[in-house]
Structure formats: structure tokens, C-alpha cells
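Me: Please take a close look at the place where the ligand sits in this model. What surrounds the ligand there?

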Amino acid sequence: MQNFEKWQGCGNDFVIIDGRSNFNIDDAEKISQICDRHFGIGADGVIYVLPSKVAAVRMRIFNADGSEAEMCGNGLRCFTKYLLDELGKESLSVETGAGILTVRLNEDLVTVDMGAPILDAEKIPVKGYGKNHVVAEKIEVDGKIFEMTCVSMGNPHCVVFVDDLKKIDLEKIGPQFETHQKFPRKTNTEFVQVVGENELQMRVWERGSGITLACGTGACATAVAANLNGLAGKNSIVHLDGGDLQIEWQNDNHVYMTGAAKRVFVGQFDF
Ligand code: ZDP
């Protein structure tokens, strides 16, 4: 039997397993079985706590389909709170696929320095724009033309601003964005409506997990994209289906994300 904890941040839920005890299954079939809401524990992803040579700990994150992601914002808040509670500390440096990030407690909430957004198309990656930024560029999906702004927060995001979020059939067009030929490593896609001054409403189709209630890296990409399009300032609130995140793109070019992270239950799983 393997111990695990179940955590959620804005309804984006994860199974956290301490891989420092030599447990580190990265078999896609097993991961998707753990994430299955009927045959497993049920989660949007699985996170491992691992030893690191360059930071206090290393985080590894897998999507519900078993694919590995470079980075995970909501997961990182949960992961760090889990460790800080255990260590009785206020902040932690974490090695992720997006570099070493610093996470600190912020009263009841958790703030993550998510690093600098990556805007160079080749690095996101998005095909066909060289090293340029991809801001309000046209993309055809499902026979319709959308405008996308692409941002990597360590993982790829395609942000699409729309007038009415209710009219978006996420289930239908989400997978078509995810696997569009412009995205060599596939993409997470955020549909966003501006609902007030520096207030954005967002729904996400996540690469490898589908519709989730929230996506931390996606909220950061959304806030950066809104600023690049002149739709918001540098400090905005992103409303997600599972809660709110506050995102600030500061003068050091880093994006800071603040939001909740909560333990749901602890358990043992028979792998
Ligand atoms: O990049 C990806 O494949 C994402 N699906 C990873 C998970 C992102 C996450 N939802 C977040 O909050 O950033 C955990």
C-alpha cells in the first residue's frame, strides 16, 4: 500500500505522492488509472515529491492521461503547502520543468513566483512565427477563425479572447486546439472573456487532461496575454470555474500567482 494525499487548488485536483520513499511510477497507464474517478482515486493529475540537487525539492507532474507536463501552477501551490505544513517553514525553492521557482505562504493563500513568461514562438512552441511573439494571430479551428495569443509558462498555452464565454463549446473545440498542427508539443487552451477592469473570466481545455476547473499556468498565461492585447493592466483577477487567482506581472518580468491550496484527504492506495 502506498500513502498519498489528495489536494485541490481552485478545484484543480491532484494526488500527491512522496517519491522520496523510492516510489516513482511514471507508467502512463498506471497514472491514468490513479486519476480515473471511477476505477482509481480520481484527480486531474499526479504529483511526485522528489529529491533535488539544485533546490530544496523537485516536483514532477503527470496529466490524467499519463503524459508528463513541464509545469503546473495549481499543483505547485498544493505541492508546496503540503511540504511547508510538514516542514513548518514559510517558503520553499522547488525544481520544476520551468526552472527553480520560489513559493511562499501568504496568510491562508500561497504565492508562487512563476518566473518570466516565454513569448518567443519557437520556444513556446508555435509553428510558423519564427522567434516572433504570437499576439492576436489568426488560427482556424472547426472551420472558424479565432484570434490567439500564445504564452509559455514552462508549458504551452494558447489564449483566445471571446465576447461571450457561454457560446464556446469547450468539449468540441478544446481537443482541436490541443492537437492543431501549429503546436508541436500540443497546447493548453484558455478561452477568456473580459468581465471588468483587470477582471478576466477563463475556461480551460488542458493538454492531456481536458476540461478542468482551473489551471494556474493558464491563468498566468491569460493575464499576460490580456496585458499584451491591451485588455488589462499588470495585476488582474482571473475567475476560473473552481475559484479565483490573483496574477501580477511585476517589473522584474516575473509573474506572481496567488491562490488557495487545500488538503482534501489522505489515504492509502493499492497499486
Ligand atoms: O501543460 C499541461 O499539460 C497541463 N495540463 C499541466 C497541468 C497544468 C495545471 N492545471 C496548472 O495549474 O498549471 C496543473
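Reply: What follows describes the cavity that holds the ligand, then the contacts made there. The model is a predicted one. By the rule used, it has 2 cavities of 30 Å³ or more. The ligand sits in the largest cavity, which encloses about 130 Å³ of space. That cavity is lined by 17 residues, and those closest to its centre are Asn 63, Met 71, Cys 72, Asn 155 and Glu 206. Strand S2 (12–18), strand S4 (57–63), helix H2 (73–87) and helix H4 (216–228) each contribute at least two residues to this lining. By class, the lining has 6 nonpolar, 8 polar and 3 charged residues.

Around the ligand itself there are 16 residues, the closest being Cys 72, Gly 73, Glu 206, Gly 216 and Thr 217. Three of these can be described by polar atom pairs. Gly 73 places a backbone N or O atom 2.7 Å from an oxygen atom of the ligand. Gly 216 also uses a backbone N or O atom, 2.5 Å from an oxygen atom of the ligand. Glu 206 instead has a polar side-chain atom 2.7 Å from a nitrogen atom of the ligand. Taken alone, the ligand exposes 380 Å², and the protein buries 99% of that area. The elements giving two or more residues to the shell around the ligand are S2, H2 and H4. This shell divides into 6 nonpolar, 8 polar and 2 charged residues.

Notes: Residues are numbered from 1 along each chain as its sequence is written. This is a predicted model: local features need pLDDT of at least 70, side-chain atom pairs count only at pLDDT 80 or more; totals for chains, interfaces and linings use all residues. Side-chain values use heavy atoms; hydrogens and water are left out. On a 1 Å grid over the protein atoms alone, a cavity is a set of points where a 1.4 Å probe fits but cannot get out, and a pocket is an open set with protein on both sides within 12 Å along at least five of seven lines; lining residues have an atom within 4 Å of a point. Grid points are joined across faces, edges and corners, and a volume is the space filled by probe spheres set on the points. Helices (H or I, at least four residues) and strands (E, at least two) are DSSP runs, numbered from the N terminus. Ala, Val, Leu, Ile, Met, Phe, Trp, Tyr, Cys and Pro count as nonpolar, Asp, Glu, Lys and Arg as charged, and the others, Gly among them, as polar. A residue is near a molecule or strand if one of its heavy atoms lies within 4 Å of it. A polar contact is a pair of N or O atoms within 3.5 Å; within protein, one must be able to donate a hydrogen and the other to accept it, and residues adjacent in sequence count only if both atoms are side-chain atoms. Accessible areas come from the Shrake-Rupley method with a 1.4 Å probe; for residues, only the protein chains shown count as cover. A molecule sits in a cavity or pocket if more than half of its atoms lie within 2 Å of its grid points.
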